[in-house]
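This briefing addresses two topics: strand pairing with its neighbouring helix, and the cysteines.

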Amino acid sequence: MVSRKKIFVLGGDGFCGWPTSLHLSRLGHDVVIIDNFSRRRIDAELGIRSLTPIVSIEQRIDAWRDVSGRQLGFHYIDIAQDPAQLTALIAAEMPDTIVHFAEQRAAPYSMRGPVEKRYTVGNNVQGTHNVLCALVECGLDTHLVHLGTMGVYGYGGAGFEIPEGYLGVEIVDKAGERHDWEILYPTRPGSIYHLTKSMDQLLFQFYAQNDKLRITDLHQGIVWGTQTEETRQHEDLINRFDYDGEYGTVLNRFLVEAAIGHPLTVHGTGGQTRAFINIQDTVRCIALAVAHPPQRGDRVKILNQIAETLRVRDLAALVSRVTGASIENLPNPRKEAAENDLVVSNATFRSLGLDPILLEEGLLGETIEISTRFADRVDLAHIRARTAWSHEERELLGRQNHTVGARTAV
């Protein structure tokens, strides 16, 4: 029996936030979405749209009430820019849990240029800090669940299994005495977006030890898939499906490319190893985190939210095998090693009963079906990556895009 909680979902209109809001509501919680529609505005800014048609938040909430009999609350608040309104709402409604998705989530977008870099740092870090300040000011024992990223560990492996957030080290002092210590796993952010999640970690560490806030930080892998048990119940509940070079996660991008007969675009050698998780497991993990909060005074609870790791080229080969699509290698816009290993512990979620969905298990088929059904909404101009991490990568991308343009013209 789930203990009923009042839960705020910050960023509840987004790719992970929307299906999580529905899942928590179906479990019997009182869910209130807080969002400023920044993701919808960025779509307009970039001239792109979700592959799946997304209706207004009002239509989404009405559809959920019609199919479930449950009511979602909603407040339009920019948590980074309006801390007073956020604090007032928290003080008035006293949520038991706050699930925090309200951050600019795309590494490529965060590296587009100085405007996007400043926006990502300002929005993400200030928004997180405003939430922490509000909880302290209101004097509440609210549990904060934050969606972090595997990217705080860096793009490369370590030669051993990456633990869940904390690393045991031995320090030898000047007298030769040995001391065991435990530290936050050293961060190696690979983009401005990942940098903000690394900065979040330090904010959480401080507020947990200084103000005894109860905080769970989830280091999530790359999400694949679109639908969940809840979003399948009505066409107006359908989730986002991003395929573009800025926001499209690698597997979803591959599946759209396959659906329209476009080669699968593998950047670099494809030797980059990434952690993956299905969107249905994302919402299950959030629910498990909500149900198992740390105690007041505990250190930040850090969990690795992943199902499996795969090399990008192996992922492309899997999609090619299933769909018949060809594979095209392009210059890598990211500043990273051509090959890396990645071994990660997900012991806590496993111990809580998570049996994750793996890519080989057939649910890939539903994502392929979504890609095919809405293939007429694809804008070919936005598939390729156009954001480079440095001047050197920018030159490579420029030459590649010039070649592609010339080929298209012919």
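In which sense do β9 and strand β11 pair, and over how many bridges? The model is predicted, and in it β9 and β11 (residues 273-278) pair in the parallel sense over three bridges. The points below set this pairing in its sheet and then turn to the cysteines.

**Sheet and adjoining helix**

- The parallel pair belongs to an open sheet of three strands, arranged in the order β9-β11-β13, with mixed pairing.
- At the edges of this sheet lie β9 (222-224) and β13 (308-311), each of which pairs on one side only.
- From one strand to the next, the twist averages 45°.
- At the residue level, Trp224 is found opposite Asn278 in β11.
- Helix α9, spanning residues 279-291, lies across β9 and β11 and runs at about 75° to β11.

**Cysteines**

- The structure contains zero disulfides.
- Cys16 takes part in no disulfide, and the nearest cysteine sulfur, which belongs to Cys285, is 11 Å away.
- With a relative accessible area of 9%, Cys16 is buried.
- For Cys138, the closest cysteine sulfur is that of Cys133; the two sulfurs are 11 Å apart, which is too far for a bond, as a disulfide requires cysteine sulfur atoms within 2.5 Å.
- Cys138 has a relative accessibility of 22% and therefore counts as partly exposed, since the buried class is limited to values under 20% and the exposed class to values over 50%.

How values were computed:
Residues numbered from 1 in each chain as written. Predicted model: local features only at pLDDT ≥ 70, side-chain atom pairs only at ≥ 80, totals over all residues. Heavy atoms only, no water. Pairing = 2+ DSSP bridges. Helix = DSSP H or I, 4+ residues; strand = E, 2+ residues; numbered from the N terminus. Axes fitted to C-alpha atoms, helices over the stretch in contact; angles between N-to-C directions. Contact = heavy atoms within 4.5 Å. Buried < 20%, exposed > 50% of the residue type's maximum accessible area, 1.4 Å probe, protein only.
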